[in-house]
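Subject: The two-chain model, and what I found in it

Hello,

Here is the structure I promised to pass on to you. Please open it beside this email and follow along as you read.

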Amino acid sequence: MAAAKTRTSSFSRNISAAAPSQGPGLKCGPNGTVFLSSGISDLDKILGGGFPLGSLVMVMEDAEAPHHMLLLRNFMSQGLVHNQPLLYASPAIDPRGFLGTLPSPAASKDEKSHKHDPDQEKGLRIAWQYKKYFGESQLNFDGQRDGKHEYSNEFDLRKPLERHFLSAQRVDCVSIQDSPNLSALQDRSATFLSQYPRNDGSISCAGRIAIQSFSAPQCAYSNMEWDMLSFIRSLKSMVRSSNAVALITFPPSLLSPSFCKRWQHMADTLLSVKAIPDEDKELSQLLTGYQDMVGFLNVHKVARINTQVPVILDATTFSIKLQKRRFLVLECLNQAPVDGSSGTSYGTSGSCSGSSKTGNLDF
Amino acid sequence: MAESICRALRDGALEGEHAPALTIKDSIASPFGFHVFCHVLSQLSSFILAGKSQSGGLVVVSFSRSPSFYLELLKNKGIDVVSSDKRIQILDCYSDPLGWKDRLIEAGNFTALSHEASNSSTANVLKDVKHMDKLYNSIVERGKGLIGGGKNRFSVAIDSVDEMSRHASTSSVAGLLSNLRSHDQVSSIFWLLHSDLHEARVAAVLEYLSSMVTSLEPLHQPANGHRGDLENLSLIEHNLKKGKFHVRIKRRNGRVRVMSEEVHIEQSGISFTSLSSEGAINQGLVPKVQFSLELSEKERIDRANVVLPFEHQGNGKPIQIYDGRRSLADSKHERQVAATEKVQTNEDSGGGEIIYFRDSDDEMPESPKASI
């Protein structure tokens with residue numbers, strides 16, 4: 001089959017009507033893949049549904065900004081909310097402390113709007129012949145919203161996750177700072193993943209592995225580059241044969257360039273986060289909404305399992321914004337309209353010229 | 001923006017956050033790192049002693065200078081350490097870092113020297129710097145001794161990470177620094193690094209671990225070509241007195257603040273002024289087009305030489321405006337003269353050539369105009 005073209009008609013297949021037996025945390029996708037949510041609904045949309053089970057997601061950190069923590073937190077919280085067990089490894093001495101910073105799902109706005117709607121309906125004078133359509137579309141909309149709401153939650157970064165989600169049965173923490181080599185982490189991962197083997201039956205439960213700052217300099221093994229690479233390779237193969245998703249973040253500036261490339265090739269889905277300079281006049285003129293942005297997210301690779309057809313995204317650079325300092329949203333970059341009086345033409349300023357600071361901006 | 005750095009160190013860490021950490025980085029081209037370190041040290045000490053800072057004490061881990069140097073330095077700034085030794089402690093890793101004196105005494109080949117007892121109250125000699133755990137414990141111990149327990153915090157200043165890296169591996173040094181940063185009772189921490197003494201990875205690791213990075217660069221890059229030693233020498237001399245001070249601050253919201261200043265070294269110390277010339281930060285955004293928007297020299301000369309086909313050239317000759325009423329002979333004569341003049345000037349210019357025939361010359365004189 002030829003490469004899938006983007007649908008131009010207004011009809012779209014409703015894929016979200018997943019087999020309910022799989023539970024709210026999983027969604028069926030094309031080619032027999034099953035997705036689980038990354039915790040950020042915008043990112044799920046960009047990646048075509050979420051993270052496919054059996055894939056390895058790697059996030060390249062920026063040494064100057066902690067945005068990878070936002071991705072990690074949302075990923076971990078989403079798993080806990082959906083009752084998907086989690087294995088968390090970090091270079092801190094006490095990783096459990098990080099669990100206290102996980103965000104909680106936001107109070108659903110749908111509930112409020114549900115309450116308002118009947119009142120509004122009374123208030124709204126809708127012509128009688130349209131009321132029946134209005135009612136139906138409302139139902140559909142609600143149904144869809146509920147479905148989406150269940151699969152991917154909106155996380156409020158200022159509200160910590162409730163304690164009962166963090167019980168020991170669901171979350172296992174490992175500290176990787178003092179271990180001289182990676183065998184301990186490898187064993188823990190293996191035992192964790194053996195609980196979710198993949199067979200042809202239905203999926204009972206999916207697991208998540210989150211490894212933070214894998215090559216952090218304070219870890220004793222951080223200069224053993226070949227060992228780290230072989231760990232990633234074995235983790236990838238273990239994850240591929242189980243119903244789980246592994247997310248690894250690492251700082252590429254601390255690796256030698258050849259190993260950085262090798263690690264990037266290992267990933268099924270590769271993302272990177274980037275800091276943006278503060279109070280940068282040129283950038284604020286170039287992009288709309290610069291004030292609200294906290295960073296950039298680049299999508300380098302999207303996992304394609306069971307298919308040879310690659311994903312070509314419309315845009316690969318997104319801005320990370322925190323709405324009301326609580327909700328993480330990803331937006332496409334929008335070039336600000338150029339002031340005609342300044343004399344620069346629309347075509348020359350911006351993307352093609354490639355501001356060397358902002359690297360691979362892609363409109 | 002050295003003030004903002006000192007303020008950040010003074011304000012310290014928020015609850016549940018890592019302590020702010022500053023890396024001061026310099027190189028041989030602009031070797032003022034130690035001056036900056038002393039400046040920050042004296043600022044922070046005065047904040048601590050005045051009670052304006054979050055931290056209640058300061059532990060100075062001195063590797064590259066003896067403790068008496070720091071006592072002198074602080075005394076010159078008006079801070080008397082001995083009387084206020086409840087606030088400032090110096091961990092001496094300079095006198096005998098590997099414990100050689102003890103071993104020599106044990107071996108019996110060495111008579112014990114009279115120990116300098118004057119500094120024993122403030123300086124505590126550390127004899128085993130190879131083990132970062134022991135160093136960590138000593139620092140934390142000193143700090144706790146300064147401030148007591150509870151919610152109080154202390155600051156740490158590390159003289160030079162270079163010395164630490166000589167004795168221990170990068171990952172253990174990184175472990176020490178990150179553990180100090182995440183310690184509940186550490187308010188802020190700063191260290192000095194000479195970047196050309198290490199591989200690039202060490203500098204990258206330290207930048208990864210810190211929340212503020214300051215680097216010193218020379219104001220004028222000395223030319224690598226053979227332009228004569230005199231010029232180079234004066235540039236180098238210039239660079240030894242002044243430099244550029246770049247700061248990158250990682251803010252809590254995830255953005256990076258980049259600032260630059262000029263730094264001058266004087267007898268009394270160091271002073272910071274704003275940059276005299278705004279650097280071209282926005283080079284990257286100038287549109288890159290296929291054609292060049294500027295004229296080259298040759299093109300400029302040619303442009304100046306082109307004679308434009310106007311009646312009045314603006315060169316002082318009396319202006320004669322053709323009004324179409326001259327007699328034929330005159331007009332022909334004029335035309336010839338004008339034509340030759342034009343041809344001459346055009347040939348002289350060599351570059352651009354504009355050949356112009358007046359529209360009215362094309363017409364036959366007094367011929368009926370062809371009806372259109």
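A salt bridge is a side-chain nitrogen of Lys or Arg within 4 Å of a carboxyl oxygen of Asp or Glu. Over all chains, a search of the whole structure finds 15 salt bridges. Side chains of opposite charge can pair when their charged atoms come close.

Some ground rules before we go on. This is a predicted model, in which local features need pLDDT of at least 70 and side-chain atom pairs count only at pLDDT 80 or more, while totals for chains, interfaces and linings use all residues. Residues are numbered from 1 along each chain as its sequence is written, chains are lettered from A and ligands numbered from 1 in the order in which they are written, and side-chain values use heavy atoms, with hydrogens and water left out.

**How far to trust it**

The predictor gives the complex an ipTM of 0.75 and a pTM of 0.73. For single residues there is pLDDT, the predictor's confidence in each residue, from 0 to 100. Chain A averages 77, with 74% of the residues scoring at least 70. Among the elements of chain A (helices, H or I, of at least four residues and strands, E, of at least two are DSSP runs, numbered from the N terminus), helix H4(A), residues 109–123, has the lowest mean pLDDT at 47, and strand S4(A), residues 56–60, has the highest at 95. The pLDDT is below 50 over residues 136–149 of chain A, a stretch with seven contacts (heavy atoms within 4.5 Å) beyond near neighbours in sequence.

Chain B has a mean pLDDT of 75, and 69% of its residues reach 70 or more. Confidence in chain B is lowest in helix H11(B), residues 328–349, at a mean of 48, and highest in strand S6(B), residues 186–194, at 93. Where pLDDT is low, the predicted coordinates should not be read in detail.

**Where the chains meet**

How many residues of chain B are in contact with chain A? There are 25, and they touch 35 residues of chain A. Chain B and chain A bury about 2,500 Å² between them, 53% of it on carbon and sulfur atoms; buried area is the accessible area (1.4 Å probe) that two parts lose on being put together, summed over both.

Four salt bridges are counted between chain B and chain A. One of them joins the side chains of Arg248(B) and Glu64(A), at 2.7 Å from N to O. On the chain B side, the elements that give two or more residues are helix H7 (170–181), helix H8 (200–209), strand S8 (242–250) and strand S9 (255–265).

Strand S9(B) also pairs with strand S11(A), residues 269–277, in the parallel sense over two bridges; two strands pair if DSSP finds at least two bridges between them. Here Pro277(A) stands opposite Val256(B).

**Inside chain A**

An open sheet of three strands has the order S1-S2-S3, with antiparallel pairing. Its edge strands are S1 (26–28) and S3 (51–52), each pairing on one side only. S1(A) and S2(A), residues 34–36, are joined over three bridges, and Cys28(A) stands opposite Val34(A).

Finally, Asp42(A) and Lys45(A) form a salt bridge (3.8 Å, N to O). These two residues are separated by about one helical turn because they are three residues apart in helix H1(A), residues 41–46.

Enjoy exploring!
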